[in-house]
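Reader: I have a model to work through. Can we go over its features one by one?

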Amino acid sequence: MVTSEDRSEIVFFDVETTIPTRTGQRYALLEFGGIVVCPRKLVEQHSYSTLVRPSDLSLISTLSVRCNGITRDAVTSAPSFADVADKVFDILHGRIWAGHNIMKFDCPRIREAFAGVNRPAPEPKGIIDTLALLTERFGRRAGNMKMASLATYFGLGQQTHRSLDDVRMNFEVLKYCATVLFLESSLPDILTENSWVSPNAAIRCRTNGSISKGMGSIIDTPSSSIEIGSPMKSVAEAHMESDNPIFPLVSSRHVEVPDLLEINSSRPDPFNLVQFSAEVRESIQLDDMKDEPASDSQDSSASTATGGYISYTDFLEPNKISISSISLSLSPLYRGTQKIQILHNNGELQVFSRCLKVRFGISTRFVDYAGRPRLSFVVDASSELCQLLDAIDNLAQKLIEDTGSMSEWRPVVNRKPGFMNCPTIRLNLPTVVDGNISRWVTEIYQKESSSTQKLMFSRFDVAELDPLISPGTVLDAYYSLDSYDYQQIAGIRLVAKKLIVYSS
């Protein structure tokens, strides 16, 4: 019997799923495909693929069919996941997993599928996400990091969005990228001298016809619109020092690497995939959120709130914020990943909104990876606030799309049809963990007719917040804007730093 310790092969795999069409709807597995590869000879040893019949065929919408071509008729006679779970488990368990964007999409779908049949999910020996790997080592030579773009760049044909075809295309793309990097490392002065410049090297803003250089993606805006990025080094310097994945490895002279990515001067072997995978898994905490995408902002916001004094004079009311003074830029988050910073006059944009009316009270239906509730509530949004948030939302969406993200963008302002349905926004209460206790770090005050008193909570029980922040309650809110991009969903979260609740 082969044990997980004996399995040194790499399994490249891919899943095709339905596309959720409403909030809270789950993905349903439609197809699984995988190939087992010898990591020493790069030879495909065997493969397995199967269509999967979901329990609810109505989940296969027109949008799903447009995405992968899998129709209801195609899976009507296919086995259910319970019928193929043993084979999927056998090909995955104890091996190194590899695939494009698998850490955000395919791995969670596998866990969900096994949970749906009350079976333990397979566990990997290691994970190689080629999206993160190639973003870090190969860069955006193909324009973006989508598999279809990379395949077209190397002349490998069109992506079919079928599991086994996509897996083999992924494997071929990885081999082509590795070959290019290997050749460039052999003659770096010749092959990398006029090689390429990543779209991250410069941002082009049309301001009276000029081009400004900076960090982030290419965005064209009218002369009066929001400015993206800030002046930095020249494109040639950025290319030499950061965009070229080989130069820092082979140069005989010292090179100062800019903060575009968090890279040590002694970078590891670019072909040691297992080592890089370990680094990625070490720095990225996957979050099995049930309905709402996880965001790194919860921890970062919490640390900000507890790490020192917050000057609430820095929070601006919407009518005091000049959209032309807002700038968006990309800052390094993890190796190969970036996060949007939203600035106003070169400082963090923080907003103060008066007299917000609570539409829906404290919600605990969203949870983090440990099952702890993520607290949030919904308030009505004024037209002035909506105008500000919509402008930021549109630019952030374009910026994150230009980074190559394939995630669906969730607008920060929620609008539903109907005469009585005015726009709403969701305010999130960041939490931290003290031992076994999860507590919110948002400062909460209660305003009486003549005084305002800070509320102290002894138990940090959500039940204490329910009567305080209930539908119809009016409050003032101080909050920051925090971007996220997780499990194919991206957007901006509003993180409450301080609330002043009016007594009824």
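What follows is a set of questions and answers on a predicted model.

Reader: In what order do the strands of the open five-stranded sheet run?
Author: The sheet is open and its pairing is mixed. Strand S3 (43-51) and strand S5 (126-129) each pair on one side only, which puts them at the edges. From one strand to the next, the twist averages 20°. The order is S3-S2-S1-S4-S5.

Reader: In S5, what is the bridge partner of Ala98?
Author: Strand S4 covers residues 96-99. S4 and S5 pair in the parallel sense, over four bridges. The partner of Ala98 in S5 is Ile128.

Reader: At about what angle does helix H5 run to S5?
Author: Two helices can be placed here. Helix H4 (residues 102-116) lies across strand S1 (10-17), strand S2 (29-38), S4 and S5, and runs at about 75° to S1. Helix H5 (residues 130-137) lies across S4 and S5. Its angle to S5 is about 55°.

Reader: Arg95 and Glu9 form a salt bridge; how many residues apart are they?
Author: The closest N and O atoms of Arg95 and Glu9 are 3.1 Å apart. Arg95 is in the loop between helix H3 (81-92) and S4. Glu9 is in the segment before S1. The pair links distant parts of the chain, and the separation is 86 residues.

Reader: Is Glu9 buried or exposed?
Author: The cut-off for buried is under 20% relative accessible area. Its partner Arg95 has 6% relative accessibility, so Arg95 counts as buried. Glu9 has a relative accessible area of 18%, so Glu9 is buried.

Reader: Which strand holds Asp482, the salt-bridge partner of Lys339?
Author: The side chains of Asp482 and Lys339 meet at 2.8 Å, N to O. Lys339 is in strand S8 (residues 338-344), 143 residues from Asp482. Asp482 counts as buried at 9% relative accessibility, and Lys339 is buried at 14%. Asp482 is in strand S18 (residues 474-486).

Reader: How does Glu408 count in terms of accessibility?
Author: Glu408 forms a salt bridge with Arg410, with the closest N and O atoms 3.4 Å apart. Arg410 has 28% relative accessibility and counts as partly exposed. Glu408 is at 43%, between the 20% and 50% limits. Glu408 therefore counts as partly exposed.

Reader: Which residues are joined into one network by salt bridges that share partners?
Author: The salt bridges come to 14 by count. Some share partners. The network joins Arg26, Arg109 and Glu112.

Reader: In S13, what is the bridge partner of Leu375?
Author: Strand S11 (residues 373-380) is mostly covered, with seven of its eight residues buried. S11 pairs with strand S13 (residues 424-429) in the antiparallel sense, over six bridges. In S13, Leu375 has as its bridge partner Leu429.

Reader: The structure holds 14 aromatic pairs; how are the planes of Phe138 and Phe154 set?
Author: The two ring centres are 5.8 Å apart. Phe138 is in the loop between H5 and helix H6 (147-153), and Phe154 is in the loop between H6 and helix H7 (163-186), 16 residues apart. Both Phe138 and Phe154 are buried. The planes of Phe138 and Phe154 stand at 45°, so the pair is tilted.

Reader: How do Phe352 and Tyr478 pair?
Author: Phe352 lies in strand S10 (residues 350-367) and Tyr478 in strand S18, so their pair ties together parts 126 residues apart in sequence. Both Phe352 and Tyr478 are buried. Their ring centres are 4.4 Å apart and their planes stand at 20°, so the pair is stacked.

Reader: Which residues do ring pairs link into a cluster?
Author: Some ring pairs join up. The linked residues are Phe13, Phe32, Tyr48 and Trp97.

Reader: How far is Lys175 from the ring centre of Phe171?
Author: Charges over rings come up twice here. The charged end of Arg141 sits over the ring of Phe138, 4.4 Å from its centre. Lys175 lies over the face of Phe171, and the distance to the ring centre is 4.5 Å.

Key
Residues numbered from 1 in each chain as written. Predicted model: local features only at pLDDT ≥ 70, side-chain atom pairs only at ≥ 80, totals over all residues. Heavy atoms only, no water. Pairing = 2+ DSSP bridges. Axes fitted to C-alpha atoms, helices over the stretch in contact; angles between N-to-C directions. Contact = heavy atoms within 4.5 Å. Salt bridge = Lys/Arg side-chain N within 4 Å of Asp/Glu carboxyl O. Buried < 20%, exposed > 50% of the residue type's maximum accessible area, 1.4 Å probe, protein only. Phe/Tyr/Trp six-rings, centres within 6.5 Å; stacked < 30°, edge-to-face > 60°. Lys NZ or Arg CZ within 6 Å of the ring centre and 35° of its normal.
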